[in-house]
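Let's walk through this model together, one question at a time. Have the structure open beside you as you read.

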Amino acid sequence: MDFQLAQVNITRMRAPLSDPVMWGFVRRAAAVNVQAEAAPGFVWRIPDDSGTEAVFGPLVMANLSVWESVEALRAYLYGGLHLDAMRLRKNWFDSSGLAAHVALWWVPRGHLPTLDEGRARLDLLATEGPGPRAFTLDRPHPPDRTPTP
């Protein structure tokens, strides 16, 4: 079976998107998303109006995407506009109190994960630590060892 990399990350906003505190983020978001979608190895991302609050709670923002490889995701995250936004993230977000806020896992090629799947992987990472079913960029696992969810 052929696999692709799914990633979920969540963070708590310091204020609603309409608040002036969040304007710097809001001004950058569209360009960052356009760059992601044009990045080598990008497959898919959940639409912005995804219903994150229903899964994670108020003021929590989630990003869910699929990539061809760990290397493709890493190249996007640490280059271009995304890196600039990451450097400023503490102005807009606070992830303290979140047991795990980023999780990666392998999905069969063509599968589009849901926010509920992402939540389950974050929970796995928080309770079991990095492993073949949920891992981090620092401790990736190869897709050929992926157990059935």
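A pocket here is an open set of points on a 1 Å grid over the protein atoms alone, where a 1.4 Å probe fits and protein lies on both sides within 12 Å along at least five of seven lines. Grid points are joined across faces, edges and corners, and a volume is the space filled by probe spheres set on the points. Please keep in mind that this is a predicted model, in which local features need pLDDT of at least 70, side-chain atom pairs count only at pLDDT 80 or more, and totals for chains, interfaces and linings use all residues. Residues are numbered from 1 along each chain as its sequence is written, and side-chain values use heavy atoms, leaving out hydrogens and water.

Q: How much space lies in the largest pocket?
A: Lining residues have an atom within 4 Å of a point, and 49 residues line the largest pocket, with N9, T11, N63, H82 and F93 nearest its centre. The space in this pocket is about 1,400 Å³.

Q: Which class, nonpolar, polar or charged, has 28 residues in the lining of the largest pocket?
A: Ala, Val, Leu, Ile, Met, Phe, Trp, Tyr, Cys and Pro count as nonpolar, Asp, Glu, Lys and Arg as charged, and the others, Gly among them, as polar. The lining has 12 polar and 9 charged residues, and the class with 28 is nonpolar.

Q: Which helix gives the most residues to the largest nonpolar core?
A: A nonpolar core is a set of buried (under 20% relative accessible area, 1.4 Å probe, protein chains only) Ala, Val, Leu, Ile, Met, Phe, Trp, Tyr and Cys residues joined through side-chain atoms within 4.5 Å. The largest has 24 residues, and L5, M22, W67, L73 and Y76 have the most contacts inside it. Strand 1 (3-13), helix 1 (23-38), helix 3 (70-77) and strand 5 (102-108) each supply at least two residues, where helices (H or I, at least four residues) and strands (E, at least two) are DSSP runs numbered from the N terminus. The most, 5 residues, come from helix 3.

Q: Why do the buried residues of helix 3 line one face of the helix?
A: The buried residues are V70, A72, L73, Y76 and L77, while E71 and A75 on the other side are exposed (over 50% relative accessible area). The arc is that of the directions from the helix axis to the C-beta atoms. Seen down the axis of helix 3, the buried residues line one face because they fall within an arc of 165 degrees.

Q: Is T11 buried or exposed?
A: T11 sits in strand 1 and is in contact (heavy atoms within 4.5 Å) with residues including L59, F93 and L98, leaving aside neighbours within four places in sequence. Its relative accessibility is 11%, so T11 counts as buried.

Q: What is the relative accessible area of V66?
A: V66 belongs to strand 3. Leaving aside neighbours within four places in sequence, V66 is in contact with Q4, L5, A6, G41, F42, V43, W44, H111 and P113. V66 is buried, with a relative accessible area of 0%.

Q: Which residue in the loop between helix 2 and strand 3 has phi near 60 degrees?
A: Most residues other than glycine have a negative phi. In the loop between helix 2 (52-56) and strand 3, a positive phi near 60 degrees belongs to L59.
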